[in-house]
Amino acid sequence: RSVPTAESPVGLWLPDGRPPAGGVWQLPGYSEGLFEVQDEGSQLLALATEAKPGDLVVDYCAGRGGKTWFLASLVSPNGSVCAWDIEEDLRKQLQGARAKRALGETNLHLLEVPPSKPHNLHADVVLVDAPCSSSGVLRRHPSQRWALRLQEVSEIADLQLSILEEASQLLRPGGRLVYATCSLIHLENQSVVAGFEALQRGFVR
């Protein structure tokens, strides 16, 4: 049994919990790439890019690729997604078996994972889901509440601003830059955006 998610227009959740005999991964359609397991927040973030068919989209902190594959479905059939992550192992996963299942033969060609940091692009959309303190997901790791220190958060915010500046260079004039974290801390969100706007006055909200 599934019901629509509260905010995402494309999501479903299972109110009865994980299905028996292997969980959602054993449900019909998963191995064919007809659905993906993803947080509703991640769905909303991909939708917030307003990517559309034919767009060139850069997923600059792609991680394991959940949002990357969603973005590919948004720009299909004639767009493209350039996915980058600083971690080499994650870049390999972006092109692995899960990506082939999620994208299928129809959309696999839309994905590019460069071997080095991308440059000289004129993307329509750049998404920066930046590394953060993860304070917004403490319910999953409650012990982190006592491990987090202000100095660490400050260092993370500096890194986030640096990443956002890098990523913004890949955008065409008039393109859309989307910044997000899974943190609730002002220093990692509003402060980073304010710092970026002070440095890059050509960008408007």
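**Exercise 1. Which residue follows H1, and what is the sign of its phi?**

Solution. Start with the ground rules. This is a predicted model, in which local features need pLDDT of at least 70, side-chain atom pairs count only at pLDDT 80 or more, and totals for chains, interfaces and linings use all residues. Residues are numbered from 1 along each chain as its sequence is written, and side-chain values use heavy atoms, with hydrogens and water left out.

Next, find the helix. Helices are DSSP runs of H or I with at least four residues, strands are runs of E with at least two, and both are numbered from the N terminus. H1 covers residues 40-48. Glu-50 follows H1, and its phi is positive, near 55 degrees.

**Exercise 2. Describe how H1 packs on H2.**

Solution. Two packed helices are described by the angle between their axes and the distance between the axes.

- Step 1. H1 and H2 (residues 66-75) meet at about 40 degrees, and their axes are 10 Å apart.
- Step 2. Classify the angle: under 35 degrees is roughly parallel, over 145 roughly antiparallel, 65 to 115 roughly perpendicular, and the rest oblique. H1 is therefore oblique to H2.
- Step 3. List the contact residues (heavy atoms within 4.5 Å). H1 gives Ser-42, Gln-43, Leu-45, Ala-46 and Leu-47, while H2 gives Lys-67, Phe-70, Leu-71 and Leu-74.

**Exercise 3. Find the buried residues of H1 and of H2.**

Solution. Buried means under 20% relative accessible area, exposed means over 50%, and partly exposed is in between (1.4 Å probe, protein chains only).

- Step 1. In H1, Ser-42, Gln-43, Leu-45 and Ala-46 are buried. Seen down the axis of H1, they fall within an arc of 160 degrees, so they line one face of the helix.
- Step 2. These buried residues pack against H2, strand E6 (123-129) and strand E7 (171-180).
- Step 3. In H2, 8 of the 10 residues are buried, so this helix is largely enclosed by the rest of the structure. Among them are Trp-69, Ala-72 and Val-75.

**Exercise 4. Place Asp-55 and list its contacts.**

Solution.

- Step 1. Asp-55 sits in the loop between H1 and strand E3 (56-59).
- Step 2. Its relative accessible area is 6%, so Asp-55 is buried.
- Step 3. Leave aside neighbours within four places in sequence. Asp-55 then contacts Glu-50, Val-75, Gly-79, Ser-80, Asp-124 and Val-125.

**Exercise 5. Is Glu-152 buried or partly exposed?**

Solution. Glu-152 lies in helix H6 (residues 150-168). Its relative accessibility is 36%, so Glu-152 counts as partly exposed.

Terms used. Axes are lines fitted to C-alpha atoms, for helices over the stretch in contact, and angles run from 0 to 180 degrees between N-to-C directions. The arc is that of the directions from the helix axis to the C-beta atoms.
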